[in-house]
Amino acid sequence: MTEQAWTVRSILAWTQGYFNDKGIEDARLSAEWLISHALGSTRLDLYLDPDRPLARPELDALHGFIVRRVSGEPLQYITKTASFRYLDLAIEPGVLIPRPETEVLVSEVLKELDHEEGDKLVADICCGSGCIACALASERANVNVIAIDISPEACALSLRNVDACDLAHAVKVLQGDLSSPIEETLYGCFDCIVSNPPYVPSAVIRSLPEEVSAFEPTLALDGGEDGLDIYRRILAESKLLLRQEGILAVELYEDSLQEAAALAAKSGFECIRIVEDLACRPRILIARRG
């Protein structure tokens with residue numbers, strides 16, 4: 001960016017063009033997010049006042065953001081925010097970025113929970129940013145969630161998001177390995193176990209886009225040789241946690257769903273179904289405890 005009088009309009013056009021030249025996906029959207037972040041404004045503000053000039057500190061901040069984005073750093077780590085369903089959540093490096101597939105997982109869980117009236121108790125295992133727990137509790141007043149993650153960074157971020165969404169009355173965050181922090185008095189009491197666990201097969205990790213493999217935590221991605229290492233453990237623990245006819249809902253790698261369904265059936269789960277994501281790929285397993 002050369003020394004000149006930059007306005008919102010001109011800097012938006014320049015940044016979009018630069019991102020297009022560098023092969024950045026959704027160049028216009030990325031430019032809008034980074035410019036609004038540098039200005040401390042909303043994306044709507046960019047269009048309400050397009051002739052607003054940028055001060056030198058704002059240009060310097062934006063320059064840094066652009067360099068980071070072109071290097072491959074995900075937009076959400078730069079802005080430290082991510083949209084998930086109806087929520088704007090805080091995001092930090094070291095914690096998995098919420099994705100549209102997981103919004104489908106939330107929809108399927110809500111569909112299952114809505115079959116019966118009354119209060120619902122849900123465990124969100126491998127909760128990451130807390131996006132699933134916050135979405136479920138914010139969209140249904142009768143849902144209470146215990147959200148668990150092994151990562152202290154993820155638990156701290158989940159707590160921030162729970163507080164920011166004013167959901168402390170409905171979501172409890174615990175640190176631990178899968179369901180280990182859950183008290184035994186709650187075994188057999190859960191209406192639903194939901195999880196977006198590490199599920200990418202180890203060999204596939206190397207072929208992921210650099211934006212994912214170089215910046216997002218391997219701990220939250222690597223699911224072992226077939227992508228089902230953590231799923232197998234969740235499946236076994238769900239048998240203890242779920243009430244009779246309680247629901248298991250898990251997001252998994254597209255090539256792992258058939259094997260995951262077979263494992264669920266072998267474990268005594270019933271009414272097993274596979275749900276596609278927005279790109280029409282097998283993505284989510286729903287099963288009912290028999």
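A residue counts as buried when its relative accessible area is under 20%. That cut-off helps in reading these close-ups of a predicted model.

**View 1. Ser 238, a buried serine in helix H11.** Let us start inside helix H11, which spans residues 229-241 and includes Ser 238. The relative accessible area of Ser 238 is 1%, so this residue is buried. A polar atom of the Ser 238 side chain lies 2.7 Å from the backbone oxygen of Ile 234. Leaving aside residues up to four places away in sequence, Ser 238 touches Ile 193, Leu 248, Phe 269 and Arg 289.

**View 2. Lys 239 and the ring of Phe 269.** Phe 269, one of the residues touched by Ser 238, appears again here. Its ring has the charged end of Lys 239 sitting over it, 5.7 Å from the ring centre.

**View 3. A cluster of Trp 6, Trp 14 and Tyr 18 linked by ring pairs.** How many aromatic pairs does the structure hold? There are 2. In one of them, Trp 6 and Trp 14 have ring centres 6.2 Å apart and planes at 70°, so this pair is edge-to-face. The rings of Trp 14 and Tyr 18 have centres 5.0 Å apart and planes at 10°, so they are stacked. Both Trp 14 and Tyr 18 belong to helix H1 (residues 8-21), where they are 4 residues apart, about one turn of the helix. Is Trp 6 buried or exposed? Trp 6 has 7% relative accessibility and therefore counts as buried. Trp 14, at 30%, counts as partly exposed, and Tyr 18, at 28%, also counts as partly exposed.

**View 4. Helix H2 and the helices it packs against.** Here is a helix whose span can be compared with expectation: H2 (residues 27-39) has 13 residues and reaches 18 Å from its first C-alpha to its last, close to the 18 Å expected at 1.5 Å a residue. Which residues of H2 are buried? They are Ala 27, Ser 30, Ala 31, Glu 32, Leu 34, Ile 35, Ser 36, Ala 38 and Leu 39. These buried residues pack against H1, helix H3 (43-48), helix H4 (56-70) and helix H5 (75-79). H1 is also the helix that holds Trp 14 and Tyr 18 from the previous view.

**View 5. Gly 40, just after H2.** Follow the chain out of H2 and you come to Gly 40, which takes a positive phi of about 65°. Leu 39, among the buried residues of H2, is worth keeping in the same frame.

Notes. Residues are numbered from 1 along each chain as its sequence is written. This is a predicted model: local features need pLDDT of at least 70, side-chain atom pairs count only at pLDDT 80 or more; totals for chains, interfaces and linings use all residues. Side-chain values use heavy atoms; hydrogens and water are left out. Rings of Phe, Tyr and Trp (its six-membered ring) pair if their centres lie within 6.5 Å; planes under 30 degrees apart count as stacked, over 60 as edge-to-face and the rest as tilted. Buried means under 20% relative accessible area, exposed over 50%, partly exposed in between (1.4 Å probe, protein chains only). Helices (H or I, at least four residues) and strands (E, at least two) are DSSP runs, numbered from the N terminus. A charge sits over a ring if NZ of Lys or CZ of Arg is within 6 Å of the ring centre and within 35 degrees of the ring normal. A polar contact is a pair of N or O atoms within 3.5 Å; within protein, one must be able to donate a hydrogen and the other to accept it, and residues adjacent in sequence count only if both atoms are side-chain atoms. Contact means heavy atoms within 4.5 Å. The expected span of a helix is 1.5 Å times one less than its number of residues.
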